[in-house]
Amino acid sequence: RPDWVRRVNAMGDACGGAHHVVPLDLEELVGTAVASVGLDDFGDLGDGDWLTRLRDLLGAVDAARLHVVGRLMTREELLRGLRTRLLLAEQWRRQPGIAAERIVAPVVITGPARSGTSILFELLALDPGLRGPTAADVLHPAAAEGVDGAARHRMAECEQELWADVQPEFAAMHE
């Protein structure tokens, strides 16, 4: 790991464990997401049991005993996911016709790591008849009020650059 990651992770040892430096409490995460977007209705997306699964996920993260940087990056992913759910639920309420939109013949790329899926994705995205999602589309599919497309792209770029800073090999796989 880079020196800065090693040093930040050492902070966990100095405080009795990474969980003390970066707590992952369900109620606090939900409250932070609600406060950060000014919405409090997570909507009726999916089967409705997402909170139980989130609680189970947090338990698994605690059992994994991640270091400080791992918990910090996991916390960011969780908060982004909760914010996205709030924003998508609001968008669904404002535009209920979204559910009636037809998606015809989607192309879905899947495969194991290091099997060529990224380059296949990039090549298919070059076809003018197809549209591949950008990192901003994937990481921030719904934007908070006042956040434009350029801001979404900047946020996504910073998030991906951080992953590359923490794990330099990531940049070699995904330029």
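Hi everyone. Let's start at one spot on the chain: R102, which sits in the loop between α5 and α6, the helix spanning 117–125. Is R102 buried or exposed? With a relative accessibility of 72%, R102 is exposed, because anything over 50% counts that way. To get a sense of distance, take V34 as a partner: V34 and R102 are 68 residues apart along the chain, and their C-alpha atoms are separated by 31 Å. Please keep in mind that this is a predicted model.

That same loop, between α5 and α6, also holds A105. A105 is exposed too, at a relative accessible area of 63%. Its backbone deserves a look: the phi of A105 is near 50°, a positive value in a residue other than glycine. As background, most residues other than glycine have a negative phi.

Where else does a positive phi turn up? R65 has one, near 55°, and R65 is not a glycine either. You will find R65 in the loop between α4 and α5. Its relative accessible area is 74%, so R65 counts as exposed.

Now let's step back to the whole chain. How many helices and strands does the chain have? There are 9 helices and 0 strands, and reading along the sequence gives α-α-α-α-α-α-α-α-α. Along the principal axes, the C-alpha atoms fill a box of roughly 55 × 40 × 30 Å. Of the 175 residues, 27% count as buried. Among contacts with a separation of 6 or more, 66% are between residues 24 or more positions apart.

A word on the surface and the charges. The chain exposes about 11,700 Å², with carbon and sulfur atoms supplying 57% of that area. It carries 18 positive and 27 negative side chains, and the centres of those two sets lie 2 Å apart.

Let's go inside. In soluble globular proteins, nonpolar side chains tend to be buried together. Here, the largest nonpolar core has 19 residues, and those with the most contacts inside it are L29, F42, L54, L58, L82, L86 and L87. Which helices each supply at least two residues of this core? They are α3 (26–37), α4 (50–64) and α5 (68–94).

Take L87 from that list. Setting aside neighbours within four places in sequence, L87 is in contact with V37, L39, A142, A143 and A144.

F42 is on the list as well, and F42 brings us to the aromatic rings. The count of aromatic pairs comes to 1. That pair is F42 with W50, and its geometry is tilted: the rings are 4.7 Å centre to centre, with 45° between the planes. Both F42 and W50 are buried.

One last residue, V61, which is in helix α4. Is V61 buried or exposed? V61 has a relative accessible area of 10%, so V61 is buried, the limit being under 20%. What does V61 touch, not counting residues up to four places away in sequence? The answer is L24, L66, R71 and T74. As for distance, V61 and D3 are 58 residues apart in sequence and 24 Å apart in space, C-alpha to C-alpha.

So, to recap: R102, where we began, is exposed at 72%, whereas V61 is buried at 10%. Thanks for listening!

Notes
Residues numbered from 1 in each chain as written. Predicted model: local features only at pLDDT ≥ 70, side-chain atom pairs only at ≥ 80, totals over all residues. Heavy atoms only, no water. Helix = DSSP H or I, 4+ residues; strand = E, 2+ residues; numbered from the N terminus. Buried < 20%, exposed > 50% of the residue type's maximum accessible area, 1.4 Å probe, protein only. Contact = heavy atoms within 4.5 Å. Areas by Shrake-Rupley, 256 points an atom, 1.4 Å probe, with all protein chains shown as cover. Lys, Arg positive; Asp, Glu negative; His and termini not counted. Charge placed at Lys NZ, Arg CZ, Asp CG, Glu CD. Phe/Tyr/Trp six-rings, centres within 6.5 Å; stacked < 30°, edge-to-face > 60°. Core = buried A, V, L, I, M, F, W, Y, C linked by side-chain atoms within 4.5 Å.
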